[in-house]
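Welcome, and please open the model in your viewer. Set it to cartoon view, and keep the selection box handy.

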Amino acid sequence: MWGNKRRGKRKSDYVMDGQPEADGRAVDTKDKEAKQPPEDAVVCKKCGAVLSKAETVANKYVCSNCGYYFRVRTKNRIKMVADAGTFEPWFEDVEETDPLAFPGYQEKLAAVAEKTGLKEGVTVGYARIGGEPAMLGVCDARFLMGSMGHVVGEKIALAVEKATSMRLPVILFCCSGGARMQEGIISLMQMAKTAAALKKHSDMGLLYVPVLTDPTTGGVTASFAMLGDIILAEPGALIGFAGPRVIEQTIGEKLPEGFQRAEFQLAHGFVDAIVERKDLKQTLGRILKFHHNTQSFHAFTEGAAVDIRPDERSRERMAKAHELTAWDKVKAARQFSRPTAMDYIERIFDEFMEFHGDRQFRDDPAVVGGVAFLDGQPVTVVGIQKGTDIEECQRRNFGMSSPEGYRKALRLMKQAEKFHRPIVTFVNTSGAFCGMEAEESGQGEAIARNLYEMSALTVPVVCMMIGEGGSGGALALAVGNQVWMMENATYSVLSPEGFASILWKDSGRAEEAAGVMKITAQDLLELQVVEQVIPEYGGADEVTVGAIAAYMKRQLKEYLSSQAGKSGEDFAKERYERFRRF
């Protein structure tokens, strides 16, 4: 094995005769000091370090010096993600043609095929990943930069159609420079063809996960690469429609560092997660496991009994809690020490996997969401996350969601509907974010759209009011078949301060307002705005959060078990009738 000293050598120490230096200067082939790199070494294209080939292979083709991701050949990619011996190639003999009779194209195809050992720029077939069956496709940049000609489009369309007939999920590793110029308009047609095949696959309730690798650009980005239910990306991958050079030439400006990279796409809402290569197989296996059976949800079998009785300390606190006024509960709901959505998600569910982005503009950190298991039952979980300290609260905008947060939540809820997963939401917000950028992005429309779409969801929806429930910002995640409320939480048309300011022109009368607004869990239970009050055992904090979560979990399982025989139309009808009563 190569030691650290040898690994640290630079490209200039081992220059191939006649090859340029990294800065473009030619190397004198007669220079006796120019050295050939050892046969068992590879050179990092980013930092120039000379690396042990064996060590780099073991490191999943990632530079151990700077973390650069080497592009991966098809056979190596399959080896890294598919269970050993399970990959079976499909459609290897799709015939090549030259639709435009482009000069020299057939000769170029033949030369690339001979050099790479590939028949085309994509390989498709059946595989198992973590024991779960899937259609696996891999694009290879060595074949004309993974460009999408008619054979690439045809193989993808055929494979997706076969996966649809076999009811298989589709996993597709994307790597492409875009449309294949030598095939002109015929290449462009592949964008629509592959998208149409994926639409039919989706309409059957089947999962599609594209993994975006470096580079994913042009017509591939504008078609099958961005149509996944869940979109993953490798760190640092270039992902964009127009390439950076084209953009710079068009606008006459230098692009900022990191523009169009995977991290940029995550922050802008177009990627669910960035996954390191060493974790890709496990992550894909988990995703497939979550979607193993998406036809219906099941009743829960009885597990071991959970003791949720309050201890002596909690009983003492409970006695004092009965004396709290409405204003006391307003203050309790706003405390930093109050457990957050993530505190309950981590205690109630197993294997929570968070997804990001609204697929339009941004990932709003005020809203968290993803999939999890509730004792083996896949569920979609969405929560408004305030934070537990000032730094996290600032990063999450104090739980005041922007339009992107509501759109992310709705995207995940529609995904839950597609895969027949129950939805559980956790609400704790003083209200939707009131700011110029929120208005510019359509705050009112985003909230209205959630109310509109949630009303007709064909899966059960359970909403937990765990802290503040402020106005439409809270309601946008609380259109449920059941709405449960923690005993010291609040839920109101607006804050007591705002109420007093509007009605009495005096925000100083907020405490008085809290007493007349009917905003406590007990008030709302009487008004039938909520179905259940969740006990806090004297006050929600680090002492009681475990018992509260255990109570929530038991009630969730009991409720969902009671709903197992109902149809999607039943859930939508019951939700409509629930809100129609008010």
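This tour goes from the whole chain to its pockets, then to some backbone details and aromatic rings.

**The whole protein**

Keep in mind throughout that you are looking at a predicted model. Start with everything selected and colour by secondary structure: there are 23 helices and 18 strands to find. The protein has 582 residues, and 53% of them count as buried. Now switch on the surface. About 26,800 Å² is exposed, with carbon and sulfur atoms supplying 53% of that area. How much of the contact network links residues 24 or more positions apart? Among contacts with a separation of 6 or more, such pairs account for 71%.

**The largest pocket**

Rolling a probe the size of a water molecule over the atoms shows where empty space is left. Here, the largest pocket holds about 800 Å³ of space. To centre your view on it, select Val 42, Lys 45, Phe 70, Arg 71 and Arg 73, which are the closest to the pocket's centre among the 20 residues lining it.

Next, highlight β1 (41–43), α2 (53–58) and α3 (74–81), since each of these elements supplies at least two residues of the lining. Which element gives the largest share? That is α2, with three residues. Colour the lining by residue class and you will find 10 nonpolar, two polar and eight charged residues.

**The second largest pocket**

Move on to a space of about 620 Å³, the second largest pocket. Select Lys 46, Gly 236, Glu 257, Gly 258 and Arg 261 to reach its centre, as they are the closest to it of the 22 lining residues. In this lining, 10 residues are nonpolar, three are polar and nine are charged.

**Backbone details**

Most residues other than glycine have a negative phi, and most peptide bonds are trans. The next three stops depart from that pattern.

- Select Asp 214 and Pro 215: the peptide bond from the former to the latter is cis, with omega near -10°. Pro 215 itself sits in strand β7, which covers residues 208–217.
- Select Gln 260, in the loop between α8 (244–251) and α9 (262–267). Phi is positive at Gln 260, near 70°. Is Gln 260 buried or exposed? Its relative accessible area is 5%, under the 20% cut-off, so Gln 260 counts as buried.
- Select Lys 518, in the loop that joins α20 (510–516) to α21 (521–526). Lys 518 also has a positive phi, near 60°. With 47% relative accessibility, Lys 518 falls between the 20% and 50% cut-offs and is therefore partly exposed.

**Aromatic rings**

Show the side chains of the aromatic residues, which form nine aromatic pairs in this structure. A pair of aromatic rings is described by the distance of the centres and the angle of the planes.

Return to Phe 70, one of the residues closest to the centre of the largest pocket. Phe 70 pairs with Tyr 68 edge-to-face, at 5.4 Å centre to centre and with 75° between the planes. Phe 70 counts as buried, at 12% relative accessibility.

Then select Phe 579 and Phe 582. Their ring centres are 6.0 Å apart and their planes meet at 70°; because that angle is over 60°, this pair is edge-to-face. Phe 579 is partly exposed, with a relative accessible area of 27%.

For the last stop, select Tyr 344, Phe 349 and Phe 426 together: they form one aromatic cluster.

Terms used: Residues are numbered from 1 along each chain as its sequence is written. This is a predicted model: local features need pLDDT of at least 70, side-chain atom pairs count only at pLDDT 80 or more; totals for chains, interfaces and linings use all residues. Side-chain values use heavy atoms; hydrogens and water are left out. Helices (H or I, at least four residues) and strands (E, at least two) are DSSP runs, numbered from the N terminus. Buried means under 20% relative accessible area, exposed over 50%, partly exposed in between (1.4 Å probe, protein chains only). Contact means heavy atoms within 4.5 Å. Accessible areas come from the Shrake-Rupley method with a 1.4 Å probe; for residues, only the protein chains shown count as cover. On a 1 Å grid over the protein atoms alone, a cavity is a set of points where a 1.4 Å probe fits but cannot get out, and a pocket is an open set with protein on both sides within 12 Å along at least five of seven lines; lining residues have an atom within 4 Å of a point. Grid points are joined across faces, edges and corners, and a volume is the space filled by probe spheres set on the points. Ala, Val, Leu, Ile, Met, Phe, Trp, Tyr, Cys and Pro count as nonpolar, Asp, Glu, Lys and Arg as charged, and the others, Gly among them, as polar. Rings of Phe, Tyr and Trp (its six-membered ring) pair if their centres lie within 6.5 Å; planes under 30 degrees apart count as stacked, over 60 as edge-to-face and the rest as tilted.
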